[in-house]
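User: I'd like to go through this one by asking how each label was earned. Can you set the values against the cut-offs for me?

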Amino acid sequence: MHSPALRLIGRQLGSALVTLFLVSLIIFAITALLPGDTAKLVLGQFATPDQVAALRAKLGLDQPAPLRYLQWLGGLVTGDFGVSASNDMPVATLIAQRLPASLLLAGVTTLVSVPLALGIGMISAMYRGRLADGALNVVTLAMVAVPDFLIAILLILFFAVQLGWLPALSYISNIHGIGDFFRVYAMPVATLCTVLIAQMARMTRIALINELDSPYIEMARLKGVGPVRCVLVHALPNAVGPIANAIALSLAYLIGGIVIVETIFNYPGLASLMVDAVSNQDLPLVQACAMLFCAFYLLLILLAELAALLANPKLRTR
């Protein structure tokens, strides 16, 4: 019984590794095509040709592109991401300094958005076609349509500029207690949650409605089971797979949305580090950050597949 499940997991892992390899080719090719010279940008306009040539040799930019790619790929496999050109520090050290902050922001956003989205989706499914369902559909659709950067700007204008309740910039160094934590994270988390909640709620509603239209739910209703019990006890366990997939796909939005949020609120995370690296043409740092974001996305997709596997006995025996 476990053999088909293990084969399915193995196929998913193999597919993820092939995807990472292809993404590494694309990332390396795109960064290699960036205009300008990294060595000249780091040293400044008054650098001598000898200084530029020495830095290019140090960074390996004087070598052919295929050789540079193989060396970079080998470093990725061994955990050596290279040296940051603009910071003159190992890329792994810079990432280790910023990654916990991004993971904390994503974790707090997940803890807030997932329960709210599941609740909204279940309420909308239970009262399908009624006033509550229509109102929630309008609200979630509006939340999806509004760009996240606009939400962030409006929050800053209202809560930071007009009311003065929250800081416009999220400085982690200013956190000295639980109150400071909520003040610093309130607007970044609210910005990310707005779209996440709307997406997950709408997909949860669809998954539950598909189950509520099933014959076994009709039989439960004929036996006098209430709508809340039908959703929580009968429909929800069978919709775990689609809902988990919806949550994973929605949380993948964090990979793109967190870049905008960290930049607007000056949050010291991995995404803002990547934005600075792009501005400075720090190729090793850009490449490492891009690969990490892709790896996080594939991890979410893999977790969704595993959730669907655990929830569906047919997949475990396929």
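Analyst: Let's start with the nonpolar surface patch of about 590 Å², made by Phe-149, Leu-150, Ile-153, Leu-154, Leu-157, Val-161 and Ile-260. This is a predicted model, so local features need pLDDT of at least 70 and side-chain atom pairs count only at pLDDT 80 or more, while totals for chains, interfaces and linings use all residues. Residues are numbered from 1 along each chain as its sequence is written, and side-chain values use heavy atoms, with hydrogens and water left out.

User: What makes Ile-153 a member of the nonpolar patch?

Analyst: Patch residues need over 30% relative accessible area and no salt bridge; nonpolar side chains (Val, Leu, Ile, Met, Phe, Trp, Tyr) are joined within 5 Å, like charges within 9 Å. Ile-153 has a relative accessible area of 39%, so it clears that bar. The label for Ile-153 is partly exposed, as the value falls between buried (under 20%) and exposed (over 50%), using a 1.4 Å probe and protein chains only.

User: Which helix gives the largest share of the patch?

Analyst: That's α7, with 6 residues. Helices here are DSSP runs of H or I, at least four residues, and strands are runs of E, at least two, numbered from the N terminus. Helix α7 covers residues 148–162, and the chain has 15 helices and 0 strands.

User: How do you know that Asp-148, in helix α7, has no salt bridge?

Analyst: A salt bridge takes a side-chain nitrogen of Lys or Arg within 4 Å of a carboxyl oxygen of Asp or Glu. For Asp-148, the nearest side chain of opposite charge is Arg-202, 17 Å away, so the criterion isn't met. Opposite charge means Lys and Arg as positive against Asp and Glu as negative; His and the chain ends aren't counted. Asp-148 is also buried. Beyond neighbours within four places in sequence, its contacts (heavy atoms within 4.5 Å) are Thr-191, Tyr-253, Gly-257 and Ile-260.

User: Why is the Arg-205 and Asp-133 pair called a salt bridge?

Analyst: The N to O distance is 2.9 Å, inside the limit, so the name fits. The structure holds 1 salt bridge. Arg-205 sits in helix α8 (residues 178–212) and Asp-133 in helix α6 (residues 131–145), so the pair ties together parts 72 residues apart in sequence.

User: What makes Arg-205 and Asp-133 count as buried?

Analyst: Arg-205 has 18% relative accessibility and Asp-133 has 3%. Both values fall under the buried cut-off, so both get the label. Across the 318 residues of the chain, 40% count as buried.

User: Why is Leu-283 called buried?

Analyst: Its relative accessible area is 13%, so it falls under the cut-off. Leu-283 lies in helix α14 (residues 283–311), and its C-alpha is separated by 7.6 Å from that of Ala-85, 198 residues apart along the chain.

User: What makes Asn-266 worth flagging?

Analyst: Its phi is near 55 degrees, a positive value in a residue other than glycine. Most residues other than glycine have a negative phi. Asn-266 is in the loop between α12 (253–264) and α13 (270–279), and at 40% relative accessible area it is partly exposed.

User: What makes Phe-181, Phe-182, Tyr-185 and Tyr-267 a cluster?

Analyst: Ring pairs link them. Rings of Phe, Tyr and Trp (its six-membered ring) pair if their centres lie within 6.5 Å. The whole structure has 8 aromatic pairs.

Key:
Rings of Phe, Tyr and Trp (its six-membered ring) pair if their centres lie within 6.5 Å; planes under 30 degrees apart count as stacked, over 60 as edge-to-face and the rest as tilted. Accessible areas come from the Shrake-Rupley method with a 1.4 Å probe; for residues, only the protein chains shown count as cover.
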